[in-house]
Amino acid sequence: MSRLAEQEVAGDALGAPASGEEGPYDGLRIRALTKSFGSYTAVRSLDLDIPRGSFFALLGPSGCGKTTTLRMVAGLEQPTSGTITLAGEDITRTKPYRRPVNTVFQSYALFPHLDVAENVAFGLKRRKVKDVAAQVEAMLALVELETQASKKPAQLSGGQQQRVALARALINRPEVLLLDEPLGALDLKLRRSMQIEVKRIQTEVGLTFVHVTHDQEEAMTMADTVAVMNGGVVEQMGAPSELYENPRSTFVANFLGQSNLIEGTVRRRDADLVTVDMHGVTVSVPAHRVHTDGDRGWVGIRPEKVLIGEVGAELDAPGNTVPGGVITDVSFVGVSTQYLVRMPWGQELQVFAQNTGRQRMFAHGEQVELSWRPEYAFLLDASQDVAAGADRVVG
Amino acid sequence: MSVEAPAPPRTPGGGRADRPARRSRRPRGSVTGYLLLAPAGIFLLAFFVVPFYSLVATSLFDPSGSDFRGYEMTYAWGNYVDVVRDYWGPLLRAMAYGAAATAACLVLGYVLAYAIAFKAGRWKNLMLVLVIAPFFTSFLIRTLSWKLILADDGFVVNTLQVLQLLGDDGRLLATPFAVIAGLTYNFLPFMVLPLYASLDKLDPRLVEASSDLYANPVAGFFKVTWPLSLPGVVSGTLLTFIPATGDYINAELLGSTNNRVIGNVIQSQFTDANNYPVAAALSVLLSVLIVVMVLVYVRRAGTEELL
């Protein structure tokens, strides 16, 4: 992740610059961008700063407005209001063919009547660039398709077509390369290898990539910065690890990985620690991981951060032992074991235990105690839907 | 286009390998194909091969024969020389009128088909019905109506005269313009429908992709939309040019004796002069010319793979 991105993210998770200055910015800047289709608002007053040279992912479920945002940046959709600036230049109303932006389309949209080399050369020829043949050759080498140059797109496999689409966009050296779920049509194994390939190419060419996806794993493995979109707005933006470790909303907590969210009442707020009563058990949450001002909230903890032990056993976590759990389900998945534990207040919590061999496996119906280190817990606003984002499509 | 190594089968070990085995197990499969072809084959034999053979034979009869005295087969290849010498004017005129009408149909039809395919929205089906609607009335009646519309004292001519676009004794009827306009009108649906079929199949995302790749709307049209609609252009122009070149109704009703085309000559030789060998020679000549032109055209358009 570039340093610039870290600064931006540190400044404000919603992407507005920390100082509020609107001076020349060499990346892609989106301000108050709104797109309505009739009475439906696809994108609602979106602000984003995407630093030059970064690999940025817009992550969200289908219908969250991410593709519409991408199409507005490409110029294929006119915004209802708001501005888009690129390297300090306002491109909001610029025609798509005059923007230094190229897109890798979801369906690739390769020209079926042109061969691979002609597809890749298309953009250069329209701009009357010299030396097209040599550039096409170099680009085909980059995506390892030199031998396929004279084939038609229909003669290629899905992964090869995807690489042609990438080459066709990349060869123009755009200020920003937009990728609209480009790996969605590939099978899982090919998708994983293409993720690595695309990431390698981005590092090699150093261009700004904006990647739209609904696959949280894809976003986290590829991008420096991820913006999680839902209902036309950005819920949270940051480095993948930051989003995962410290989500600010129930949607992000559930959409990125899985979370246990337990109802709690705030007892005391200190400078660096907030104490929460959770169905009679007192737990503490670091102040910077508390994202609500209310008296009530959702205590969040990732399943792999929950420790499980026999009743009365010493757990590697200072304080905060939650007693009274009963195991209701055990799934052995090799590297780990996933437990469902029913708590005294009726809720079932998920626990992922690494199979390190230090601990025996628990069986269905056994009494257990749970615990976690306070620094891994987070507290979310009670007004948010506890199930938001939980029904995500696992891509 | 040269097709190189075929794409590897999607599922390794599936389909391909066991197909020949299945065929040998059921030898009757090959008979089924011929049985299915038989009805069309018999139809073609009875209504194309036999009549065409008869036509070619007639064209080689002794031209001095008549209905009364009967005809004699003399392999009179000279008939062909005679018809070219006597009727090269109407022959060329038919080609020229056909080509002009095809060009006019292509321009008008492309715009219309494009509008129906991309801009008509929910009116698409209604517009397609309207394109076909003229077929509900007889070809002859519609052409006769044009005679009224283009008449010397008709509304169109009067208006053009008021606007000084046409001289006081200028006319539209009985001019090449009227013949070409009539052909254009009558054959426009044959151009619009294949063009529409091609354009409707065109993925609009390809046009978006071209504009994303620095192609302005004009370049996008000529580099993406036009080449991808070529199958429609080729079949539309063939479906228009072939019947328009052979048509004689439009020249008969909307033209004058100066606008006689090869169709008029064939018609009068068959029905009025009863000169069957000449009429047959002209028919065979026209057919052969059109087939040769079509072959050259399709080869030049390079759309065999797209058709």
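Which residue is the bridge partner of A:Leu178 in β8(A)? In this predicted model, the partner is A:Val210. The pairing belongs to a wider arrangement of strands and helices in chain A, which is described below after an outline of the chain as a whole.

Chain A contains 9 helices and 20 strands. Its C-alpha atoms fill a box of roughly 75 × 45 × 40 Å along the principal axes. Of the 395 residues in chain A, 42% are buried. Contacts between residues at least 6 apart in sequence were also examined, and 66% of these in chain A join residues at least 24 apart. The confidence of the prediction, expressed as pLDDT, averages 87 over chain A, and 92% of the residues score at least 70. Residues 1-20 of chain A, by contrast, have a pLDDT that stays under 50. For this segment the model has 39 contacts beyond four places in sequence.

Strand β7 of chain A, residues 176-180, is mostly covered, with 5 of its 5 residues buried. In a regular strand, side chains alternate between the two faces of the sheet. Both faces of β7(A) are covered: A:Val176, A:Leu178 and A:Asp180 lie on one side, A:Leu177 and A:Leu179 lie on the other, and all are buried. β7(A) pairs with β6(A) in the parallel sense over 4 bridges, and A:Leu177 of β7(A) stands opposite A:Asn102. β7(A) also runs parallel to strand β8 of chain A, residues 208-213, to which 5 bridges join it. The pair formed by A:Leu178 and A:Val210 is found between β7(A) and β8(A). Together with helix α6 of chain A, residues 188-205, the strands β7(A) and β8(A) make a right-handed β-α-β unit.

A second covered strand is β9 of chain A, residues 225-230, in which 6 of 6 residues are buried. A:Thr225, A:Ala227 and A:Met229 point one way from β9(A), whereas A:Val226, A:Val228 and A:Asn230 point the other way. Strand β3 of chain A, residues 55-59, pairs with β9(A) in the parallel sense over 4 bridges. Within that pairing, A:Ala57 stands opposite A:Val226. The pairing of β9(A) with strand β10 of chain A, residues 233-238, is antiparallel and has 5 bridges. Here the bridge partner of A:Val226 is A:Gly238 in β10(A). A:Val226 is thus matched with A:Ala57 and also with A:Gly238. β9(A) and β10(A) form a hairpin with 2 residues between them. In the turn, A:Gly231 has a positive phi of about 60°.

Another part of chain A holds an open sheet of 5 strands, ordered β13-β12-β11-β14-β20, with antiparallel pairing. Its edge strands are β13 (281-286) and β20 (378-381), each of which pairs on one side only. From one strand to the next, the twist averages 45°. At the β20(A) edge, strand β14 of chain A, residues 296-301, pairs with β20(A) in the antiparallel sense over 4 bridges. A:Gly297 stands opposite A:Asp381 in β20(A).

Helix α3(A) is mostly covered, as 8 of its 11 residues are buried. The buried residues are A:Val116, A:Ala117, A:Asn119, A:Val120, A:Ala121, A:Phe122, A:Gly123 and A:Leu124. What covers them includes β6, α4 (132-142) and α5 (158-170) of chain A. The helix is followed by A:Lys128, whose phi is positive, near 55°.

The contact between the two chains takes 19 residues from chain A and 17 residues from chain B. On the side of chain A that touches chain B, the elements that give two or more residues are β6 (101-104) and α3 (116-126). The largest share, 3 residues, comes from α3(A). The residues of this side divide into 8 nonpolar, 7 polar and 4 charged. Both elements also appear in the descriptions above: β6(A) pairs with β7(A), and α3(A) has buried residues that β6(A) helps to cover.

Note on methods
Residues numbered from 1 in each chain as written. Chains lettered and ligands numbered in written order. Predicted model: local features only at pLDDT ≥ 70, side-chain atom pairs only at ≥ 80, totals over all residues. Contact = placed C-beta atoms within 7 Å. Nonpolar A, V, L, I, M, F, W, Y, C, P; charged D, E, K, R; others polar. pLDDT = per-residue confidence, 0-100. Buried ≥ 20, exposed ≤ 12 C-beta atoms within 10 Å, placed from the backbone. Pairing = 2+ DSSP bridges. Axes fitted to C-alpha atoms, helices over the stretch in contact; angles between N-to-C directions. Right-handed = clockwise from strand over helix to strand, strands pointing away.
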